[in-house]
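This report looks at charged side chains that pair with one another, and at one further residue and its surroundings. Please keep the sequence and the structure at hand while reading.

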Amino acid sequence: MIREGGVRVKVPASTANLGPGFDTLGMALSLYSWIEMKPAETTVFHLYGDEMGGLPKDKSNLVYQVAQTVFAEAGVELPELDISMYSEIPLTRGLGSSASAIVGALFAANLLIGSPLDRAKLFDMATAMEKHPDNVGASLFGGIITAVWDGSHADVLRIEPPADLEVLVAIPDFQLSTSKAREALPREVSLQDAVYNVSRTSLLTAALAAGRLDLIPAAMRDRLHQPYRAQLVPGMARILAEATEHGALGAALSGAGPTLLALADRRQRTGQNLEVFLLDVLAGHGIRARTIWLEPCTFGAMELTMDKEGSFMDYIKGEVRT
Ligand code: HSE
């Protein structure tokens, strides 16, 4: 059953790894992308906002391509689409912009043809495209997720974020591709470093599930990827080492970077002190950045109503951060 009037979806950004949980842990964040998808006579794209610059407006567009994989999986033919998209998620900064586009496209395309695929199937498809489950899992399910991927199937458990957890991100004004950040990693690691990360990832996951924010400083440390990526983000090593002295529960590279993320306990009113520290360290290395306080987002990809009166952008204007 094709929904001729089209569908509209909203998808959160995400941060991956949370320090030790490389390719495993993810958390949805309160920055969003919106996609509207309708059947059309001829394919047309309406891409709005600063984060859409340079994205293709033909059938090579990622959202179009991903939608077609859903139709193929479901045995439906829908080659022509009218796609609108707006995103406030910075591109290529480690906040899951491509994962949110993949999840949004899968979710919208599935809704458009009457939802023949369940969320678990969409998660497998999203992980196969992204190659790791952490960002797509967070964008699809919301909250905090822990996931494993065996190359064809992903298992996931969603954890409700602790109510007092808040997130500060410092977004440098340069881009860093995931592939470049993965090239910096060694092919092999020592047993000692593997144990270091397994133990901290386990503690971090359990601490988040139990709301034990006091355990985050000990748990949010990593030897698998951040030490190797530090050379790509000047200032990062100092921020990770010293953020707890400025009120953070812990700090990490957000996904593959270059964004740096600090977790905080809102009851401690950390605020400006932490922001100034992050910005000063980056500025000391000649890097301009902006900070944003975000919330863990408790919902994943969701359907929005199609308001017949308002256009896509009329709808979005009422929702975006200023
Ligand atoms: N877990 C991935 C990485 C996330 O750190 O490379 C990148 O999007």
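The text below treats the salt bridges and then turns to a loop residue.

The model is predicted, and a search of the whole structure finds 16 salt bridges in it. As general background, side chains of opposite charge can pair when their charged atoms come close. Three of the pairs are set out in the table, each with the distance between nitrogen and oxygen.

| Pair | N to O distance |
|---|---|
| R3 and E303 | 2.5 Å |
| R158 and E160 | 2.8 Å |
| E242 and R238 | 3.0 Å |

**A pair across the chain.** The salt bridge between R3 and E303, with its N to O distance of 2.5 Å, links distant parts of the chain, since R3 sits in the segment before β1 (7–16) while E303 belongs to strand β11 (residues 302–304), 300 residues apart. R3 has a relative accessible area of 27% and is therefore partly exposed, and E303, at 35% relative accessibility, is likewise counted as partly exposed.

**A pair within a helix.** E242 and R238, by contrast, both lie in helix α9 (residues 236–242), where they are four residues apart, or about one turn of the helix. Their side chains meet in a salt bridge at 3.0 Å, N to O. E242 has a relative accessibility of 24%, which means that it counts as partly exposed, and R238 also counts as partly exposed, with a relative accessible area of 43%.

**Another pair and a network.** In the salt bridge that R158 forms with E160, the closest N and O atoms are 2.8 Å apart. R158 is partly exposed, its relative accessible area being 30%, and E160 is partly exposed as well, at 47% relative accessibility. Salt bridges also join R8, E36 and K38 into a network.

**The loop residue T305.** Where in the chain does T305 lie? Its place is in the loop between β11 and α11 (312–317); β11 is the strand that contains E303, the partner of R3. Is T305 buried or exposed? With a relative accessible area of 57%, T305 lies over the 50% cut-off and is therefore exposed. Leaving aside residues up to four places away in sequence, T305 touches R8 and Y315, and R8 is one of the residues in the salt-bridge network with E36 and K38. A264, on the other hand, is 41 residues from T305 in sequence, and the two C-alpha atoms are 34 Å apart in space.

How values were computed. Residues numbered from 1 in each chain as written. Predicted model: local features only at pLDDT ≥ 70, side-chain atom pairs only at ≥ 80, totals over all residues. Heavy atoms only, no water. Salt bridge = Lys/Arg side-chain N within 4 Å of Asp/Glu carboxyl O. Helix = DSSP H or I, 4+ residues; strand = E, 2+ residues; numbered from the N terminus. Buried < 20%, exposed > 50% of the residue type's maximum accessible area, 1.4 Å probe, protein only. Contact = heavy atoms within 4.5 Å.
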